[in-house]
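Open the structure in your viewer and keep the selection box at hand. This tour moves from stop to stop, saying what to select and what is there.

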Amino acid sequence: MKKSLMHAAVVAASVASFGQVEAAPMSPSARPVAHNFSALVQENFTLLGDTDDPRLIYYVPRRGGIAVDSAASANPIPRFNINSFSPSFGFWAGYEMSRLGGTFSTTSYLGEIQRLQSEATAKGLYVAPAPTSKAKSKFLVTGYEVDGRIDVNCTKVSMEVIVNGVPRTVQVPNCFTRQNPSEPYDLDTNVMYKFTSTPVSGGSVVSQDISFQATTLPDYVQGLRDVMLVGGQWDHILTAKVDWEIKTSNLTRQARLHVNWQTLFEQASSYASIHLNSCLDIEVRAFFQRLVQCSKENECGIRIEYLTNGVWGPTAPNDANFVNVVNAVERQLKEELFNEVRKYTTPVNGQVSDDRSAIFTLRANYEKLMMSKNEVVNVTYNPGPTDFNTATTLNVSCLMGGFENGRVTWNMEDPGCLALLDQENP
(Lines give C-alpha, C1' and ligand atoms only; values in the text may rest on other atoms or scores of the structure.)
Protein backbone atom coordinates (compact mmCIF):
# COMPACT_ATOMS: atom_id res chain seq x y z
CA MET A 1 0.00 0.00 0.00
CA LYS A 2 2.73 2.49 0.90
CA LYS A 3 4.44 1.88 -2.43
CA SER A 4 1.24 2.51 -4.40
CA LEU A 5 0.45 5.63 -2.41
CA MET A 6 3.97 6.92 -3.03
CA HIS A 7 3.53 6.25 -6.76
CA ALA A 8 0.28 8.24 -6.69
CA ALA A 9 2.07 11.12 -4.96
CA VAL A 10 4.73 11.19 -7.68
CA VAL A 11 2.08 11.18 -10.40
CA ALA A 12 0.17 13.92 -8.58
CA ALA A 13 3.28 16.09 -8.48
CA SER A 14 3.74 15.73 -12.21
CA VAL A 15 0.05 16.40 -12.90
CA ALA A 16 0.16 19.54 -10.72
CA SER A 17 2.28 21.17 -13.42
CA PHE A 18 0.02 19.93 -16.21
CA GLY A 19 -0.23 23.42 -17.70
CA GLN A 20 3.35 23.01 -18.94
CA VAL A 21 2.56 19.91 -21.01
CA GLU A 22 -0.12 18.94 -23.46
CA ALA A 23 -1.58 16.03 -21.52
CA ALA A 24 -4.92 16.82 -19.85
CA PRO A 25 -8.07 15.06 -18.64
CA MET A 26 -10.49 13.96 -21.32
CA SER A 27 -14.17 14.78 -21.30
CA PRO A 28 -16.13 11.71 -20.05
CA SER A 29 -18.28 11.84 -23.19
CA ALA A 30 -15.16 11.73 -25.39
CA ARG A 31 -13.34 8.95 -23.53
CA PRO A 32 -15.41 7.11 -20.89
CA VAL A 33 -13.24 5.15 -18.44
CA ALA A 34 -15.52 4.43 -15.47
CA HIS A 35 -16.59 1.07 -16.94
CA ASN A 36 -13.13 -0.30 -16.07
CA PHE A 37 -14.00 -0.18 -12.36
CA SER A 38 -16.48 -1.72 -9.94
CA ALA A 39 -19.78 -0.11 -9.01
CA LEU A 40 -18.38 0.74 -5.57
CA VAL A 41 -15.40 2.61 -7.04
CA GLN A 42 -17.69 4.45 -9.47
CA GLU A 43 -19.86 5.44 -6.51
CA ASN A 44 -16.88 6.87 -4.63
CA PHE A 45 -14.98 8.60 -7.47
CA THR A 46 -15.45 10.64 -10.61
CA LEU A 47 -13.04 9.16 -13.17
CA LEU A 48 -11.50 10.79 -16.25
CA GLY A 49 -9.14 9.55 -18.95
CA ASP A 50 -6.00 11.27 -20.27
CA THR A 51 -5.41 12.80 -23.70
CA ASP A 52 -2.00 11.17 -24.21
CA ASP A 53 -1.66 8.16 -21.91
CA PRO A 54 -4.47 5.58 -22.21
CA ARG A 55 -3.26 3.94 -18.98
CA LEU A 56 -3.59 7.08 -16.83
CA ILE A 57 -6.87 7.61 -14.94
CA TYR A 58 -7.58 10.88 -13.14
CA TYR A 59 -9.83 10.67 -10.09
CA VAL A 60 -11.94 13.09 -8.05
CA PRO A 61 -13.12 11.72 -4.67
CA ARG A 62 -16.84 12.13 -4.16
CA ARG A 63 -16.30 12.32 -0.40
CA GLY A 64 -13.59 13.02 2.15
CA GLY A 65 -13.22 13.69 5.84
CA ILE A 66 -10.92 14.78 8.63
CA ALA A 67 -7.24 14.39 7.78
CA VAL A 68 -5.49 11.64 9.77
CA ASP A 69 -1.79 11.25 10.57
CA SER A 70 -0.24 7.80 11.08
CA ALA A 71 -3.35 6.32 9.47
CA ALA A 72 -1.83 2.83 9.17
CA SER A 73 -0.80 2.63 12.84
CA ALA A 74 -2.69 1.26 15.84
CA ASN A 75 -3.18 4.83 17.08
CA PRO A 76 -4.19 7.10 14.17
CA ILE A 77 -4.07 10.80 15.00
CA PRO A 78 -6.94 12.88 13.57
CA ARG A 79 -6.08 16.49 12.81
CA PHE A 80 -8.91 17.71 14.99
CA ASN A 81 -9.33 19.06 18.50
CA ILE A 82 -12.25 20.21 20.62
CA ASN A 83 -12.56 21.56 24.16
CA SER A 84 -14.76 23.82 26.25
CA PHE A 85 -14.16 27.18 27.90
CA SER A 86 -16.07 29.91 29.71
CA PRO A 87 -15.37 33.52 28.65
CA SER A 88 -14.65 35.87 31.55
CA PHE A 89 -15.95 38.93 29.73
CA GLY A 90 -18.06 39.88 26.74
CA PHE A 91 -21.59 38.96 25.74
CA TRP A 92 -21.27 35.28 26.71
CA ALA A 93 -19.32 35.82 29.96
CA GLY A 94 -19.89 32.92 32.37
CA TYR A 95 -21.41 30.61 29.71
CA GLU A 96 -19.72 27.38 28.67
CA MET A 97 -18.83 27.34 24.97
CA SER A 98 -16.84 24.89 22.85
CA ARG A 99 -13.83 25.67 20.71
CA LEU A 100 -12.88 23.32 17.88
CA GLY A 101 -10.52 23.19 14.95
CA GLY A 102 -9.37 20.74 12.36
CA THR A 103 -8.35 19.97 8.81
CA PHE A 104 -10.47 18.37 6.14
CA SER A 105 -8.74 16.26 3.49
CA THR A 106 -10.35 15.41 0.17
CA THR A 107 -8.28 12.19 0.08
CA SER A 108 -8.60 11.13 3.72
CA TYR A 109 -10.53 7.93 3.02
CA LEU A 110 -7.53 5.75 2.25
CA GLY A 111 -9.51 2.53 2.01
CA GLU A 112 -11.48 3.86 -0.94
CA ILE A 113 -8.34 5.13 -2.66
CA GLN A 114 -6.59 1.80 -2.11
CA ARG A 115 -9.53 -0.03 -3.70
CA LEU A 116 -9.32 2.31 -6.69
CA GLN A 117 -5.58 1.73 -7.03
CA SER A 118 -5.92 -2.04 -6.70
CA GLU A 119 -8.57 -2.25 -9.41
CA ALA A 120 -6.53 0.04 -11.68
CA THR A 121 -3.39 -2.08 -11.22
CA ALA A 122 -5.34 -5.24 -12.05
CA LYS A 123 -6.33 -3.65 -15.38
CA GLY A 124 -2.83 -2.36 -16.15
CA LEU A 125 -3.81 1.22 -15.32
CA TYR A 126 -2.57 3.79 -12.81
CA VAL A 127 -4.31 6.72 -11.11
CA ALA A 128 -3.64 10.31 -10.09
CA PRO A 129 -5.71 13.14 -8.58
CA ALA A 130 -7.26 15.27 -11.30
CA PRO A 131 -5.90 18.77 -12.01
CA THR A 132 -8.40 21.54 -11.39
CA SER A 133 -8.69 25.00 -12.93
CA LYS A 134 -11.09 26.44 -10.33
CA ALA A 135 -12.27 25.37 -6.88
CA LYS A 136 -14.64 26.73 -4.27
CA SER A 137 -15.44 25.40 -0.80
CA LYS A 138 -18.70 25.83 1.09
CA PHE A 139 -19.44 24.84 4.66
CA LEU A 140 -22.91 23.85 5.82
CA VAL A 141 -23.34 24.53 9.52
CA THR A 142 -26.73 23.27 10.77
CA GLY A 143 -28.37 24.36 7.56
CA TYR A 144 -26.55 27.70 7.42
CA GLU A 145 -24.28 27.97 4.38
CA VAL A 146 -20.93 29.50 5.23
CA ASP A 147 -18.69 30.92 2.55
CA GLY A 148 -15.51 30.72 4.61
CA ARG A 149 -16.41 32.84 7.65
CA ILE A 150 -18.99 33.48 10.40
CA ASP A 151 -18.49 36.30 12.86
CA VAL A 152 -21.54 36.95 15.05
CA ASN A 153 -22.09 40.19 16.94
CA CYS A 154 -24.70 40.10 19.73
CA THR A 155 -26.17 42.89 21.83
CA LYS A 156 -28.87 42.92 24.50
CA VAL A 157 -32.13 44.70 23.83
CA SER A 158 -34.97 45.40 26.24
CA MET A 159 -38.32 43.71 25.68
CA GLU A 160 -41.51 44.02 27.72
CA VAL A 161 -43.31 40.77 28.57
CA ILE A 162 -46.37 39.96 30.67
CA VAL A 163 -45.80 37.52 33.54
CA ASN A 164 -48.93 36.59 35.57
CA GLY A 165 -50.58 39.76 34.34
CA VAL A 166 -47.66 41.90 35.44
CA PRO A 167 -45.56 43.68 32.77
CA ARG A 168 -41.83 43.12 33.07
CA THR A 169 -38.82 44.28 31.11
CA VAL A 170 -36.30 41.58 30.14
CA GLN A 171 -33.02 41.60 28.25
CA VAL A 172 -32.89 39.38 25.12
CA PRO A 173 -30.01 38.85 22.69
CA ASN A 174 -30.13 40.50 19.28
CA CYS A 175 -27.54 38.93 16.97
CA PHE A 176 -26.30 39.57 13.43
CA THR A 177 -23.31 38.35 11.46
CA ARG A 178 -20.74 40.98 10.57
CA GLN A 179 -20.93 39.73 6.99
CA ASN A 180 -24.70 40.36 6.83
CA PRO A 181 -25.65 42.94 9.49
CA SER A 182 -29.19 43.34 8.12
CA GLU A 183 -30.29 39.70 8.63
CA PRO A 184 -30.90 38.46 12.19
CA TYR A 185 -28.86 35.41 13.25
CA ASP A 186 -31.17 32.93 14.99
CA LEU A 187 -29.51 31.48 18.10
CA ASP A 188 -32.11 28.69 18.25
CA THR A 189 -31.26 27.19 14.84
CA ASN A 190 -27.57 28.03 14.34
CA VAL A 191 -24.59 26.37 16.00
CA MET A 192 -21.56 28.56 15.32
CA TYR A 193 -20.64 31.80 17.01
CA LYS A 194 -17.32 32.14 15.17
CA PHE A 195 -16.11 30.23 12.15
CA THR A 196 -13.18 30.65 9.73
CA SER A 197 -11.65 28.38 7.10
CA THR A 198 -8.79 28.45 4.63
CA PRO A 199 -9.73 28.73 0.94
CA VAL A 200 -9.33 25.79 -1.39
CA SER A 201 -6.83 26.29 -4.22
CA GLY A 202 -7.68 26.41 -7.90
CA GLY A 203 -4.98 25.70 -10.47
CA SER A 204 -3.80 22.70 -8.45
CA VAL A 205 -5.08 19.14 -8.01
CA VAL A 206 -8.12 17.82 -6.18
CA SER A 207 -5.99 16.32 -3.39
CA GLN A 208 -6.12 19.19 -0.88
CA ASP A 209 -6.41 20.00 2.84
CA ILE A 210 -8.81 22.65 4.17
CA SER A 211 -8.34 23.90 7.72
CA PHE A 212 -11.05 25.47 9.87
CA GLN A 213 -11.53 26.96 13.36
CA ALA A 214 -14.82 27.50 15.16
CA THR A 215 -16.49 28.52 18.41
CA THR A 216 -19.98 27.17 19.07
CA LEU A 217 -22.87 28.75 20.93
CA PRO A 218 -23.43 27.62 24.55
CA ASP A 219 -26.54 25.47 23.92
CA TYR A 220 -24.58 23.00 21.76
CA VAL A 221 -21.74 22.05 24.09
CA GLN A 222 -23.42 19.02 25.64
CA GLY A 223 -24.60 17.74 22.27
CA LEU A 224 -21.03 17.81 20.97
CA ARG A 225 -19.84 15.99 24.10
CA ASP A 226 -22.36 13.23 23.40
CA VAL A 227 -21.24 12.86 19.76
CA MET A 228 -17.57 12.68 20.77
CA LEU A 229 -18.29 9.96 23.33
CA VAL A 230 -19.52 7.52 20.67
CA GLY A 231 -17.59 8.67 17.58
CA GLY A 232 -20.80 9.58 15.79
CA GLN A 233 -21.58 11.48 12.61
CA TRP A 234 -21.50 15.29 12.54
CA ASP A 235 -23.73 15.69 9.47
CA HIS A 236 -26.40 17.55 11.46
CA ILE A 237 -23.72 19.94 12.76
CA LEU A 238 -20.97 20.49 10.19
CA THR A 239 -20.27 19.35 6.63
CA ALA A 240 -18.40 20.90 3.74
CA LYS A 241 -18.43 20.68 -0.04
CA VAL A 242 -15.79 21.54 -2.62
CA ASP A 243 -16.98 22.38 -6.13
CA TRP A 244 -14.30 21.63 -8.74
CA GLU A 245 -14.03 22.95 -12.28
CA ILE A 246 -11.78 20.86 -14.51
CA LYS A 247 -10.69 21.79 -18.03
CA THR A 248 -11.25 18.68 -20.13
CA SER A 249 -10.27 18.03 -23.73
CA ASN A 250 -12.28 16.41 -26.48
CA LEU A 251 -11.19 14.00 -29.17
CA THR A 252 -10.06 15.42 -32.49
CA ARG A 253 -12.60 14.05 -34.95
CA GLN A 254 -12.25 13.18 -38.61
CA ALA A 255 -14.66 13.62 -41.50
CA ARG A 256 -14.27 13.29 -45.24
CA LEU A 257 -16.00 15.12 -48.06
CA HIS A 258 -16.91 13.42 -51.31
CA VAL A 259 -16.86 16.45 -53.63
CA ASN A 260 -18.37 16.74 -57.11
CA TRP A 261 -16.74 20.01 -58.14
CA GLN A 262 -18.96 20.74 -61.15
CA THR A 263 -22.13 20.32 -59.11
CA LEU A 264 -20.61 22.24 -56.20
CA PHE A 265 -19.73 25.23 -58.40
CA GLU A 266 -23.21 25.14 -59.88
CA GLN A 267 -24.65 25.29 -56.37
CA ALA A 268 -22.30 28.13 -55.40
CA SER A 269 -23.05 30.06 -58.63
CA SER A 270 -26.80 29.73 -58.13
CA TYR A 271 -26.50 30.81 -54.49
CA ALA A 272 -24.27 33.80 -55.32
CA SER A 273 -26.62 35.00 -58.06
CA ILE A 274 -29.44 35.19 -55.54
CA HIS A 275 -27.25 37.58 -53.49
CA LEU A 276 -26.23 39.76 -56.47
CA ASN A 277 -22.90 37.90 -56.77
CA SER A 278 -21.61 39.53 -53.58
CA CYS A 279 -22.29 37.45 -50.47
CA LEU A 280 -21.78 38.64 -46.94
CA ASP A 281 -19.90 36.42 -44.51
CA ILE A 282 -23.14 35.38 -42.77
CA GLU A 283 -24.57 34.38 -46.16
CA VAL A 284 -21.47 32.31 -46.96
CA ARG A 285 -21.83 30.57 -43.60
CA ALA A 286 -25.48 29.76 -44.40
CA PHE A 287 -24.38 28.24 -47.73
CA PHE A 288 -21.99 25.84 -46.01
CA GLN A 289 -24.52 24.97 -43.32
CA ARG A 290 -26.89 23.87 -46.06
CA LEU A 291 -24.17 21.84 -47.79
CA VAL A 292 -23.22 19.98 -44.62
CA GLN A 293 -26.74 18.63 -44.28
CA CYS A 294 -26.76 17.20 -47.83
CA SER A 295 -26.13 13.48 -48.37
CA LYS A 296 -25.77 13.25 -52.19
CA GLU A 297 -22.72 14.80 -53.88
CA ASN A 298 -24.28 14.51 -57.35
CA GLU A 299 -27.18 16.72 -56.25
CA CYS A 300 -25.56 19.12 -53.75
CA GLY A 301 -21.88 18.91 -54.62
CA ILE A 302 -20.65 17.23 -51.44
CA ARG A 303 -21.42 14.28 -49.21
CA ILE A 304 -19.95 14.04 -45.69
CA GLU A 305 -18.94 10.92 -43.80
CA TYR A 306 -17.79 10.79 -40.19
CA LEU A 307 -15.25 8.45 -38.61
CA THR A 308 -16.80 6.92 -35.51
CA ASN A 309 -15.07 4.04 -33.70
CA GLY A 310 -13.00 3.34 -36.81
CA VAL A 311 -16.02 3.14 -39.15
CA TRP A 312 -17.05 5.76 -41.73
CA GLY A 313 -20.74 6.64 -41.71
CA PRO A 314 -23.22 9.45 -42.45
CA THR A 315 -24.04 10.22 -38.81
CA ALA A 316 -22.02 12.70 -36.74
CA PRO A 317 -20.78 11.36 -33.34
CA ASN A 318 -23.13 13.81 -31.62
CA ASP A 319 -25.20 16.87 -32.43
CA ALA A 320 -22.66 19.30 -30.98
CA ASN A 321 -20.19 18.27 -33.69
CA PHE A 322 -22.33 19.78 -36.44
CA VAL A 323 -21.06 23.32 -35.82
CA ASN A 324 -17.47 22.08 -35.77
CA VAL A 325 -17.95 20.28 -39.08
CA VAL A 326 -19.44 23.42 -40.63
CA ASN A 327 -16.38 25.38 -39.49
CA ALA A 328 -13.98 22.76 -40.84
CA VAL A 329 -15.78 22.47 -44.20
CA GLU A 330 -15.94 26.23 -44.54
CA ARG A 331 -12.20 26.57 -43.90
CA GLN A 332 -11.46 23.78 -46.36
CA LEU A 333 -13.66 24.88 -49.27
CA LYS A 334 -14.15 28.64 -48.96
CA GLU A 335 -10.90 29.53 -50.74
CA GLU A 336 -11.75 27.12 -53.58
CA LEU A 337 -15.18 28.69 -54.18
CA PHE A 338 -15.03 32.37 -53.19
CA ASN A 339 -12.80 35.43 -53.39
CA GLU A 340 -12.84 37.69 -50.34
CA VAL A 341 -12.99 41.40 -51.13
CA ARG A 342 -12.62 43.86 -48.30
CA LYS A 343 -14.30 47.22 -48.55
CA TYR A 344 -12.82 50.10 -46.56
CA THR A 345 -14.73 53.21 -45.64
CA THR A 346 -13.00 56.57 -45.96
CA PRO A 347 -12.27 58.10 -42.54
CA VAL A 348 -14.01 61.38 -41.78
CA ASN A 349 -12.10 64.22 -40.12
CA GLY A 350 -12.74 64.24 -36.43
CA GLN A 351 -13.64 60.56 -36.31
CA VAL A 352 -11.38 57.71 -35.27
CA SER A 353 -13.47 54.92 -36.77
CA ASP A 354 -12.11 52.88 -39.67
CA ASP A 355 -14.97 50.39 -40.02
CA ARG A 356 -14.55 47.84 -42.76
CA SER A 357 -16.63 45.04 -44.19
CA ALA A 358 -16.03 42.14 -46.55
CA ILE A 359 -17.97 40.58 -49.40
CA PHE A 360 -17.38 37.28 -51.18
CA THR A 361 -17.56 36.84 -54.94
CA LEU A 362 -17.56 33.56 -56.83
CA ARG A 363 -14.07 32.42 -57.78
CA ALA A 364 -13.30 31.26 -61.34
CA ASN A 365 -11.46 28.13 -60.24
CA TYR A 366 -10.83 26.53 -63.64
CA GLU A 367 -8.61 23.80 -62.20
CA LYS A 368 -11.46 22.42 -60.11
CA LEU A 369 -14.09 23.06 -62.78
CA MET A 370 -12.18 20.93 -65.28
CA MET A 371 -12.18 17.90 -62.95
CA SER A 372 -14.60 15.29 -64.31
CA LYS A 373 -14.46 12.93 -61.34
CA ASN A 374 -15.27 13.28 -57.68
CA GLU A 375 -12.59 14.17 -55.15
CA VAL A 376 -12.30 13.09 -51.54
CA VAL A 377 -11.25 15.85 -49.12
CA ASN A 378 -10.33 14.98 -45.51
CA VAL A 379 -11.10 17.42 -42.70
CA THR A 380 -10.43 17.34 -38.96
CA TYR A 381 -12.24 19.22 -36.23
CA ASN A 382 -12.13 19.50 -32.44
CA PRO A 383 -14.82 20.91 -30.13
CA GLY A 384 -12.04 22.39 -27.98
CA PRO A 385 -11.74 22.36 -24.17
CA THR A 386 -14.87 22.12 -22.05
CA ASP A 387 -15.51 22.85 -18.38
CA PHE A 388 -16.33 19.72 -16.41
CA ASN A 389 -17.85 20.28 -12.95
CA THR A 390 -17.89 17.82 -10.08
CA ALA A 391 -17.79 17.97 -6.28
CA THR A 392 -16.35 16.42 -3.13
CA THR A 393 -18.43 16.27 0.06
CA LEU A 394 -16.51 16.40 3.37
CA ASN A 395 -17.89 14.87 6.54
CA VAL A 396 -16.83 14.65 10.19
CA SER A 397 -17.10 11.16 11.68
CA CYS A 398 -15.26 8.48 13.67
CA LEU A 399 -13.82 11.03 16.16
CA MET A 400 -13.74 10.32 19.89
CA GLY A 401 -12.38 12.05 22.96
CA GLY A 402 -11.73 15.74 23.28
CA PHE A 403 -13.16 17.97 26.03
CA GLU A 404 -12.25 16.48 29.42
CA ASN A 405 -11.05 13.26 27.76
CA GLY A 406 -8.00 14.94 26.25
CA ARG A 407 -6.66 14.30 22.75
CA VAL A 408 -9.10 13.40 19.98
CA THR A 409 -8.65 9.81 18.77
CA TRP A 410 -10.01 7.72 15.89
CA ASN A 411 -12.81 5.25 16.60
CA MET A 412 -10.94 1.91 16.35
CA GLU A 413 -13.94 -0.16 17.46
CA ASP A 414 -16.14 0.60 14.46
CA PRO A 415 -15.46 -1.58 11.36
CA GLY A 416 -16.58 1.22 9.05
CA CYS A 417 -14.12 3.65 10.62
CA LEU A 418 -11.30 1.11 10.26
CA ALA A 419 -12.21 0.57 6.62
CA LEU A 420 -11.92 4.29 5.90
CA LEU A 421 -8.25 4.10 6.95
CA ASP A 422 -7.71 0.87 4.98
CA GLN A 423 -7.37 -1.11 8.20
CA GLU A 424 -9.02 -4.46 8.90
CA ASN A 425 -10.72 -5.52 12.11
CA PRO A 426 -8.14 -6.73 14.65
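What follows is a walk through a predicted model.

**Stop 1: the main core**

Select F80, F139 and W234. These residues have the most contacts inside the largest nonpolar core, which has 58 residues. Now color strand 17. Strand 17 gives the most to this core, with 5 residues. Another core lies apart from it, with 26 residues. To find that second core, select C279, V284, F287 and V329, which are among its members. A general remark fits here: in soluble globular proteins, nonpolar side chains tend to be buried together.

**Stop 2: rings in the core**

Show the aromatic side chains. How many aromatic pairs does the structure hold? There are 12. Zoom in on one of them, F80 with W234: this pair is edge-to-face, with 5.5 Å centre to centre and 80° between the planes. F80 sits in strand 6, while W234 sits in the loop between helix 4 and strand 17, so the pair ties together parts 154 residues apart in sequence. Is F80 buried or exposed? F80 counts as buried because its relative accessibility is 5%, and the cut-off for buried is under 20%. W234 is buried too, with a relative accessible area of 0%.

Next, select F104 and F212. Their ring centres are 5.1 Å apart and their planes meet at 35°, so this pair is tilted. The pair links distant parts of the chain, as F104 is in strand 7 and F212 is in strand 16, 108 residues apart. Both F104 and F212 are buried. Now widen the selection to F80, F104, F139, F195, F212 and W234. Ring pairs link these residues into a cluster.

**Stop 3: around F139**

Keep F139 and show its surroundings. Leaving out residues up to four places away in sequence, F139 touches F104, Y144, E145, V146, F195, S197, I210, F212, L238, T239 and A240. Pick T239 from that list. T239 belongs to strand 17, residues 238–248. T239 has a relative accessible area of 12%, so T239 is buried. Beyond its neighbours within four places in sequence, T239 is in contact with K138, F139, L140, L394 and N395.

**Stop 4: strand 17 and its partner**

Select strand 17 together with strand 24. The two strands pair in the antiparallel sense over 10 bridges. I246 stands opposite F388 in strand 24. Then add strand 3, residues 63–66. Strand 3 runs parallel to strand 24, residues 386–395, and 2 bridges join them. Look at R63: its bridge partner in strand 24 is T393. In general, strands of a sheet pair through backbone hydrogen bonds, either parallel or antiparallel.

**Stop 5: helix 4**

Select residues 221–230, which make up helix 4. Which residues of helix 4 are buried? They are V221, L224, R225, V227 and M228. These residues lie on the same side of helix 4, because they cover an arc of only 165° around the axis. Turn the view to the face away from that buried side. There you meet the exposed residues L229 and V230. Turn back to see the packing: the buried residues of helix 4 pack against strand 6 (80–85), strand 7 (97–105), strand 16 (209–216) and strand 25 (399–400). Step just past the helix to G231. G231 takes a positive phi of about 70°.

**Stop 6: a sheet of three strands**

Select strands 1, 2 and 8. These 3 strands form an open sheet in the order 1-2-8, with mixed pairing. Strand 1 (45–48) and strand 8 (126–129) are the edge strands, each pairing on one side only. From one strand to the next, the twist averages 35°. Strand 2, residues 56–61, pairs with strand 8 in the parallel sense over 4 bridges. Label I57 and V127: I57 stands opposite V127 in strand 8.

**Last stop: G49**

Select G49, in the loop between strand 1 and strand 2. G49 counts as buried because its relative accessibility is 1%. Now add M26. G49 and M26 are 23 residues apart in sequence, yet 5.2 Å apart in space, C-alpha to C-alpha. With its neighbours within four places left aside, G49 is in contact with A24, P25, M26, R31, V33, L56 and Y58.

Definitions and conventions. Residues numbered from 1 in each chain as written. Heavy atoms only, no water. Buried < 20%, exposed > 50% of the residue type's maximum accessible area, 1.4 Å probe, protein only. Contact = heavy atoms within 4.5 Å. Arc of directions from axis to C-beta. Core = buried A, V, L, I, M, F, W, Y, C linked by side-chain atoms within 4.5 Å. Pairing = 2+ DSSP bridges. Axes fitted to C-alpha atoms, helices over the stretch in contact; angles between N-to-C directions. Phe/Tyr/Trp six-rings, centres within 6.5 Å; stacked < 30°, edge-to-face > 60°.
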